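User: Could you show me how to read burial along a helix, and then how to place that helix in its chain?

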Amino acid sequence: MSTNPHDLQQALARLLGPAQREVSCDTCFDELDRYVDLELAGHDADAAVPGLRAHLDGCPACREEYQSLRALVGDDGR
Amino acid sequence: MTIVDAATVKLVEPARSLVAQPEPTPLLDAESREWLQSLRAEDGTRDAAIARLHALLLRAARFEIARRRATLPHLRGNELDDIATEAADDALVSVLRRLDDYRGASRFTTWVYKFALLEAAVKLRKRAWQGREIPLEPEGWDLLSSGALEPDAEAEQSELLAAVQAAIADVLTPHQRTVLVALALNGIPIDVLADRLNTNRGALYKTLHDARRKLRKHLGECGLALDDSLEKE
């Protein structure tokens, strides 16, 4: 069986996680609503909440919840 | 699992060093202000507001379920409705308990949505894995290392993969190895593994984070260029 290099890269990324410093799941949950509202308003959410984007890169569960919140709030017309 | 269980964690890194200090509480938009006033009222207004809030949370829970519907073909509509209702009920308890934590940094509706989305997501992940074996031993190495990774860049990644494998065996504690392999290699959802190991998401992520740091440090000391070889998922 051959390996898709992209799959291998993703596997390595999952194993090694983000290189940047990141917040915890707890902090991510606390800040997620502010981060999403800032993003949707066109502001620099990453500057306002440092380390949250890196956490989303490293934590699939928090990333899924971020994607859902962004989609739901966007669905509200913002 | 309650919201507190699902979301309460020890810090991966000191929050103060990463999270910008909150801005002074901004002026609330009219809708958010109305929500707070109604939910803090001492008359029938509060009951009506709680009913409206529950409806909002139920909508969010159903939204999450709809997004994941394709991954849950074995669940019937009434089971999904039950999950949505349970998620909205649990989220309502959490929102009312933490109402004083809302500081107006986002719209009130955005703030409450996240509780319902978390509850629904956690319940769905657990439901999807209900009755399934949780593999804690490496399952994916053969697939990853068996392939046609030819010239140069691929060969470099293959070397890195072999080094990662060796580092996992050599430098991690048994618990770090178990958590890293289950979450990052075998794809077990973190909430499912937390339940199985009788812990919570935050504690597991802290272990995962520490294991990743240890691997990165070790591989760096071995002279391997990590981030040139990786890309975001």
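**Burial along a helix**

Analyst: In H11(B), a helix being a DSSP run of H or I with at least four residues, numbered from the N terminus, the buried residues are Arg201(B), Gly202(B), Leu204(B), Tyr205(B), Lys206(B), Thr207(B), Leu208(B), His209(B), Ala211(B), Arg212(B), Leu215(B) and Arg216(B). Buried means that 20 or more other C-beta atoms, placed from the backbone, lie within 10 Å of the residue's own. This is a predicted model, in which local features need pLDDT of at least 70 and side-chain atom pairs count only at pLDDT 80 or more, while totals for chains, interfaces and linings use all residues. Residues are numbered from 1 along each chain as its sequence is written, and chains are lettered from A and ligands numbered from 1 in the order in which they are written.

User: What span does helix H11 of chain B reach from its first C-alpha to its last?

Analyst: The expected span is 1.5 Å times one less than the number of residues; H11 (residues 201–221) of chain B has 21 residues and reaches 30 Å, close to the 30 Å expected. Just after H11(B), Gly223(B) takes a positive phi of about 85°.

User: Which residues is Leu180(B) in contact with, leaving aside its neighbours within four places in sequence?

Analyst: Contact requires C-beta atoms, placed from the backbone, within 7 Å; on that basis Leu180(B) touches Leu15(A), Ile168(B), Leu172(B), Leu208(B) and Ala211(B), and both Leu208(B) and Ala211(B) are among the buried residues of H11(B).

User: How many helices and strands does chain B have?

Analyst: Chain B has eleven helices and zero strands (strands being DSSP runs of E, at least two residues), and 36% of its 233 residues count as buried.

Conventions. A residue is buried if 20 or more other C-beta atoms lie within 10 Å of its own, exposed if 12 or fewer, and partly exposed in between; C-beta atoms are placed from the backbone. Two residues are in contact if their C-beta atoms, placed from the backbone, lie within 7 Å.
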